[in-house]
Amino acid sequence: MTREQYILATQQNNLPRTENTQLYPVGIYGWRKRCLYFFVLLLLVTMIVNLAMTIWILKVMNFTVDGMGNLRVTKKGIRLEGISEFLLPLYVKEIHSRKDSPLVLQSDRNVTVNARNHMGQLTGQLTVGADAVEAQCKRFEVSSSEDGRVLFSADEEEIVIGADRLKVTGTEGAVFEHSVETPHIRADPSQDLKLESPTRSLIMEAPKGIQVSAAAGDLKATCRKELHLQSTEGEIFLNADSIRLGNLPVGTFSSSSSPPSSSAARQTIYELCVCPNGKLYLSPAGAGSTCQSSSNICLWS
């Protein structure tokens, strides 16, 4: 017997022996076991419900590998198909529609498009409302789609219309509160051109001349009181096949050589006379001049 075996045998004999040794079971028993099974079952049911809800949400929202519902993620960006609603601000770089369909922005109230600089300050705004369309910017331009030519532009200093023809279809025409500068005013074919000032005067000024032409019709100048034709340094030249001055008053010629009243009623030729104040009147023509400075027309004019 070795030394180690002798020591072990001696120690075992010296240990006190207890006859009623209590044995404790290992594990969970009783109500703790039932609670554990209940929580495990509840967790299992919750997992099944969550899994079912997840599958239902994926099915309803139409989740696919490419995107969700009407939203598709492509290499060029995000693509929306159908009607889409955004409850919060949307920040994008570019919005465009398909080639075969228009782009519609719809709102129950106003549709506002804002442009800001790098500091966040508002530089331009376009608002489409129920009553009006408002644009707030430094310069507003409308360009041609073919050659990019500016058709209309407006800023604080001037408004430029670059179209070949400006057509106003309103019955009242065009109303200008101040002066109008234009090299040419022309009416449409088979239409009359009318320049009218109902309550004030009509003034046309040009440093080198004013030309009024009616190639295939009449030219009429009508006013309520007086019509002035004035040339400060030149002359007023009337060139026509016939010049008529209508409604001129007829003066009387008192002379011993004047024809009797019966012959005056048959008078068909008159002489055009001018008073010292410039008024014109007609006088019965005779062998000599019948104009008199003391005519009743000149005295009462």
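Student: How many aromatic pairs does a search of the whole structure find?

Tutor: The search finds two aromatic pairs. Keep in mind that this is a predicted model.

Student: How is a pair of aromatic rings described?

Tutor: By the distance of the centres and the angle of the planes. Now the case here. F140 and F152 form one such pair, with centres 6.4 Å apart and planes at 65°. The cut-off for edge-to-face is over 60 degrees, so the pair gets that label.

Student: Where in the chain do F140 and F152 sit?

Tutor: F140 belongs to strand β7, residues 140-143. F152 belongs to strand β8, residues 150-154. The two are twelve residues apart, and the pair links distant parts of the chain.

Student: Why does F140 count as partly exposed?

Tutor: Its relative accessibility is 36%. Partly exposed lies between the 20% and 50% limits, so F140 falls in that class. F152 is also partly exposed, because its relative accessible area is 27%.

Student: What order do the strands of the open sheet have?

Tutor: Read the order from one side to the other. The sheet has three strands, ordered β1-β2-β3, and the pairing is antiparallel. Edge strands pair on one side only; here they are β1 (67-68) and β3 (78-80).

Student: How many bridges join β2 to β3?

Tutor: Three bridges join them, and the strands run antiparallel. Strand β2 covers residues 71-73. For a residue-level landmark, look at V73, which stands opposite I78 in β3.

Student: Which strands form a hairpin with four residues between them?

Tutor: Those are β5 and β6. Strand β5 spans residues 122-128 and strand β6 spans residues 133-136. Four bridges pair them in the antiparallel sense. Within this pairing, Q125 stands opposite Q136 in β6.

Student: Which residues does UniProt list for "transmembrane region"?

Tutor: The unreviewed UniProt entry lists residues 36-58. Now compare the record with the model. The span is 100% helix and 0% strand. Its end C-alpha atoms lie 33 Å apart.

Student: Which element has the highest mean pLDDT, and which the lowest?

Tutor: Helix α2, residues 31-60, has the highest, at 91. Helix α3, residues 261-265, has the lowest, at 52. Over the protein, pLDDT averages 79, and 85% of the residues score at least 70.

Student: How should low values be treated?

Tutor: Where pLDDT is low, the predicted coordinates should not be read in detail. Apply that caution to the element with the lowest mean, helix α3.

How values were computed: Residues numbered from 1 in each chain as written. Predicted model: local features only at pLDDT ≥ 70, side-chain atom pairs only at ≥ 80, totals over all residues. Heavy atoms only, no water. pLDDT = per-residue confidence, 0-100. UniProt positions renumbered as here; feature names shortened; annotations may be inferred. Pairing = 2+ DSSP bridges. Phe/Tyr/Trp six-rings, centres within 6.5 Å; stacked < 30°, edge-to-face > 60°. Buried < 20%, exposed > 50% of the residue type's maximum accessible area, 1.4 Å probe, protein only.
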